[in-house]
Amino acid sequence: SFLGLFTNLTIVKLIGGLTTLSALIRDIFQKKKIDFFLTSQSLCFLILTCYVILTGFIKPGSNTRETFTKFGSFIMFYYLLVSLVDNYSRIRIIVWSCISAMVWASFLALAQFVFKGGGDARPGALFGDSNYFAISLLVVISMAYYRIEGEYKKRFKVLAVIFILILISGLMLTLSRGGILGFLVGIIAVSLKKQEKWKGILFLIIIINSTLLLMPQTFWKRVEMTKIRNTAVSDKYNEAFVSTERRIKLAKGALAMFISNPIIGVGPGNFFWNSRQYAHIVPGMAHNMYLEVLAEMGMIGFPLFISIIFFTLKDLKYIIANSILNGSPNMKNLADSLQVGLISFLVSGVFLHAEYEKFFWLSIFLTLILKKKMQESEI
């Protein structure tokens, strides 16, 4: 615990705090001006952070301090990126670091899968949960794919191809229905971006068919159980069936929770324990990023959260269009990767409470940096 406000201060967060302090001291001594209101989504993010802290004090709960810690880490994350990432080479280092880290996590997932005896084992690598692992992979798979086009040296292109195959294999091992759906939507987004439409259609057919054919049989069993709605003894204890029914009840509970607390919600991080009052089941998360934010933050916080997403997608579209006009292939490549990854993440987020995932916020913050660099090049 720190100052009675934060909890779960891991080594990574402590190192992040020291790094943030170091960057702040450096910026002060160098009299470097940091524009915290770079874009509309950065303004919405800072307002949302203040709102979370305010409502946390108004409606405290058992997970309030943990939520403070998460948003505290996002603030540090935001400041470090805005302060230190000021050129293409540094963004490239970040992208390759993310890809390499998730490749390592995919190897760990494979080891967990083998150790658990395969079959319906669902490894979560270092994420602790297969669904969180899957939704984070979506962002990084997009990064790896666009590195194939974005790298000039052949060895990096080959490395990107190898890495993307490993990452997709890690995604398949999770057996995540929402993760695979997000991946398929990402493939469609990539194909639509192809300038030559026949190449896009061919890419779409090859990748989707390859993915569906290579998916483990246990995944299709989970999909089949998603559709079943009966009370046969053989079905009702199936993990996929129970998970689906539970998610429906939690979704209804989230809507009921919002209706009962429409203005400011039940408070940040309070959905879990409050869910038992509205869903009448064992406490759980909403398994829907949008419903959970709506229930916890109400009609004030939810529009701020959605605005962050809206302005980020709008800025990515702006960056891509201007990169084509200005002949900036590197900028376009990075924006394409963030756009496709974010779209995949948002689709998967319909089935998972993912508003606190780091790769989501990394996509947001890298977008505002790209827009800043784009605007500087236009001046």
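I take a pocket to be an open set of grid points with protein on both sides within 12 Å along at least five of seven lines. The model I consulted is a predicted one.

**Entry 1: the largest pocket**

I looked up the volume first and noted about 1600 Å³ of space in the largest pocket. Its lining comprises 41 residues, and those closest to the centre are V12, K13, S73, Y356 and K358. I then asked which helices supply at least two residues each to this lining. They are α1 (11–29), α3 (64–84), α4 (88–115), α5 (130–150), α13 (289–326) and α15 (358–378). I recorded α3 as the source of the largest share, with 10 residues. Sorted by class, the lining of the largest pocket holds 23 nonpolar, 10 polar and 8 charged residues.

**Entry 2: the cavity**

I next searched for enclosed space and found 1 cavity of 30 Å³ or more in the structure. I noted a volume of about 40 Å³ for the largest cavity. Its lining is made up of L48, F71, V293, M297, F305, E355, Y356 and W361. Y356 caught my attention, being one of the residues closest to the centre of the largest pocket and also part of the lining of the largest cavity. Helix α13 gives the most to the cavity lining, with 3 residues. By class I noted 7 nonpolar residues, no polar ones and 1 charged residue in that lining.

**Entry 3: α1 against α3**

I turned to helix pairs, beginning with two that line the largest pocket, α1 and α3. Their axes lie 10 Å apart, and the packing angle is about 40°. The two helices are therefore oblique to each other. I entered their crossing as left-handed. On the α1 side, the contact is made by K13, G16, G17, T19, T20, A23, L24, R26 and D27; on the α3 side, by T69, S73, M76, Y79, L80, S83 and L84. I counted K13 and S73 in this contact, and both are among the residues closest to the centre of the largest pocket. The contact of α1 with α3 has 6 nonpolar, 7 polar and 3 charged residues.

**Entry 4: α4 against α6**

Helix α6 covers residues 154–174, and I found it packed with α4 at an angle of about 45°, the axes being 9 Å apart. That angle makes α4 oblique to α6. I noted a left-handed crossing for this pair. From α4, the residues R92, W96, I99, S100, M102, V103, S106, F107, A109, L110 and F113 meet F156, L159, A160, F163, I166, L167, G170 and L173 of α6. Class by class, I recorded 15 nonpolar, 3 polar and 1 charged in this contact.

**Entry 5: α5 against α14**

My last pair was α5 with α14, the helix of residues 329–348; the angle is about 155° and the axes are 8 Å apart. Because of that angle, α5 is roughly antiparallel to α14. I entered the crossing of α5 and α14 as right-handed. The α5 residues in the contact are I135, L138, V139, S142, M143, Y146, R147, E149 and G150. Those of α14 are N330, N333, L334, D336, S337, L338, V340, G341, S344, F345 and S348. I closed the entry with the classes of this contact, namely 9 nonpolar, 8 polar and 3 charged residues.

Notes: Residues numbered from 1 in each chain as written. Predicted model: local features only at pLDDT ≥ 70, side-chain atom pairs only at ≥ 80, totals over all residues. Heavy atoms only, no water. 1 Å grid on protein atoms, 1.4 Å probe; cavity = no way out; pocket = protein on both sides within 12 Å on 5 of 7 lines; lining within 4 Å. Points joined across faces, edges and corners; volume = space filled by probe spheres on them. Helix = DSSP H or I, 4+ residues; strand = E, 2+ residues; numbered from the N terminus. Nonpolar A, V, L, I, M, F, W, Y, C, P; charged D, E, K, R; others polar. Axes fitted to C-alpha atoms, helices over the stretch in contact; angles between N-to-C directions. Parallel < 35°, antiparallel > 145°, perpendicular 65-115°, else oblique. Left-handed = near helix turned anticlockwise from the far one by under 90°. Contact = heavy atoms within 4.5 Å.
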